[in-house]
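Reader: I have a structure to go through with you before I get back to the bench. Could you take my questions one by one?

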Protein chains: 2
Amino acid sequence: MDFVIEHLKKHGIKPSVQRVAIMRYLMEHCTHPTVDAIYCDLQSQMPTLSRTTVYNTLSLLEERDALSVLTIDSRNIHYDGDTRPHAHFLCRRCKQIFDVPMPQGSADEMPETPAGFKVEHTHLYYDGLCDRCRVEEN
Amino acid sequence: MDFVIEHLKKHGIKPSVQRVAIMRYLMEHCTHPTVDAIYCDLQSQMPTLSRTTVYNTLSLLEERDALSVLTIDSRNIHYDGDTRPHAHFLCRRCKQIFDVPMPQGSADEMPETPAGFKVEHTHLYYDGLCDRCRVEEN
DNA sequence: TGTAATTTTGTAACGATTTCAAATTTATAA
DNA sequence: TTATAAATTTGAAATCGTTACAAAATTACA
């Protein structure tokens, strides 16, 4: 079975045409797209797609933990179809978001969780200048 | 000299009445306020204060690294006058943001930085349920 | 004291997100 | 099948956080 449909079902989501398209977009792109990027890109294949559907679907996917919501960029929410633990880097110049490995020895080991809280998600964000922008900046 | 004015000068910011009031608010409250919270709370003492001034001032303070911008909550930007390294926890139920210590042995040691980037800031966010909400939830 | 530079202010515009009710599609039962 | 109910999608309008901008007020400087 299609890995996208499988992924949705695993998270208790009925795989409608729109949901599959949106989830597939997220799983096949490592661009950490915004709502608008997803909407505009899918528009060509699905002319009837509504912006509201993209919002609704992303909310549902978030609720069921089928994607990762990146709040690294204060100007826009970004989405990541890769839910495996990894950190992110936002370049303040080109605004691109890069995947970076989690720190410490074992690759995907999360930072130690704080006491007294029931931690459900951990996000590690860096910002600064990416390699290219570091060179290009005057 | 007043520690707020001192803080502003240290970051190359001319201490106007409004800037001092906003920076003082941030340094004396550990509530991680939003723009609106700052504006509404200062309103009573400074009736002529403009929302735009709060936005302008927070932008300036961010630019000069005189505060920390928290993007942990996708619904609202929060600000933190404490720029010492520490992590944050957002409760999904009561929406409160809590300070939590950075993980690892030495208290304020940041997670290792990724190669190939010029890292300027690091943010470690957790979300889930706080102690109180964990008990109260159904 | 006068002039320039900086800062603050309020209104209007903008853009992302939500609300909501109608239309469509899908599931269920006769 | 066909009828009916439930779920999903859609588009328009409303909402809300943020930005743009130009005028007013304040501060710095000669």
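Reader: Of the atoms of DNA strand C within 4 Å of the protein, what share belongs to sugar or phosphate?

Author: In this predicted model, 73% of the atoms of DNA strand C within 4 Å of the protein belong to sugar or phosphate, and the rest belong to bases.

Reader: Before I go on, what should I know about the numbering and the cut-offs?

Author: Residues are numbered from 1 along each chain as its sequence is written, while chains are lettered from A and ligands numbered from 1 in the order in which they are written. Since the model is predicted, local features need pLDDT of at least 70 and side-chain atom pairs count only at pLDDT 80 or more, whereas totals for chains, interfaces and linings use all residues, and side-chain values use heavy atoms, with hydrogens and water left out.

Reader: Thanks. Which residues come nearest to DNA strand C?

Author: There are 15 residues around DNA strand C, and those that come nearest are A:Tyr55, B:Ser16, B:Gln18, B:Thr48 and B:Thr53. A residue is taken as near a molecule or strand if one of its heavy atoms lies within 4 Å of it.

Reader: And which side chains have an N or O atom by a phosphate oxygen there?

Author: The side chain of B:Ser16 has an N or O atom 2.3 Å from a phosphate oxygen of DNA strand C, and for the side chain of B:Thr53 the distance is 2.7 Å. B:Arg19 also has a polar side-chain atom, 3.2 Å from a phosphate oxygen of that strand. The rule for a polar contact is a pair of N or O atoms within 3.5 Å; within protein, one must be able to donate a hydrogen and the other to accept it, and residues adjacent in sequence count only if both atoms are side-chain atoms.

Reader: Which elements do these surface residues come from?

Author: Helix 4 (51–63) of chain A, together with helix 2 (17–28) and helix 4 (51–63) of chain B, give two or more residues each to the surface near DNA strand C, and helix 4 of chain B gives the most, with three residues. Helices (H or I, at least four residues) and strands (E, at least two) are DSSP runs, numbered from the N terminus.

Reader: Now the other DNA strand, please. Which residues are closest to DNA strand D?

Author: DNA strand D is surrounded by 15 residues, the closest being A:Ser16, A:Gln18, A:Thr48, A:Thr53 and B:Tyr55. A polar side-chain atom of A:Ser16 lies 2.3 Å from a phosphate oxygen of DNA strand D, and an N or O atom in the side chain of A:Thr53 lies 2.7 Å from one. With A:Ser50 a backbone N or O atom is involved, 3.3 Å from a phosphate oxygen of DNA strand D.

Reader: Which element gives the most to that surface?

Author: Helix 4 of chain A does, with three residues. By residue type, the surface near DNA strand D divides into four nonpolar, nine polar and two charged, where Ala, Val, Leu, Ile, Met, Phe, Trp, Tyr, Cys and Pro count as nonpolar, Asp, Glu, Lys and Arg as charged, and the others, Gly among them, as polar.

Reader: Changing topic to the protein chains: how much area do chain B and chain A bury between them?

Author: They bury about 2800 Å², 58% of it on carbon and sulfur atoms; buried area is the accessible area (1.4 Å probe) that two parts lose on being put together, summed over both. The contact, meaning heavy atoms within 4.5 Å, takes 31 residues from chain B and 31 residues from chain A.

Reader: How many salt bridges are there between chain B and chain A?

Author: The count is two, a salt bridge being a side-chain nitrogen of Lys or Arg within 4 Å of a carboxyl oxygen of Asp or Glu. B:Arg92 forms a salt bridge with A:Glu120, with the closest N and O atoms 2.9 Å apart. B:Arg92 lies in the loop between strand 3 (87–91) and strand 4 of chain B and A:Glu120 in strand 5 of chain A, so this pair joins two chains.

Reader: What about polar contacts across that interface, and which element of chain B gives the most?

Author: There are 11 residue pairs in polar contact across the interface of chain B and chain A, both residues at pLDDT 80 or more. Strand 5 of chain B gives the most to the side that touches chain A, with 12 residues, and that side of chain B divides into 15 nonpolar, nine polar and seven charged residues.

Reader: How does strand 5 of chain A run relative to strand 5 of chain B, parallel or antiparallel?

Author: The two run antiparallel, joined by 11 bridges, and A:Leu124 stands opposite B:Leu124. Two strands pair if DSSP finds at least two bridges between them.
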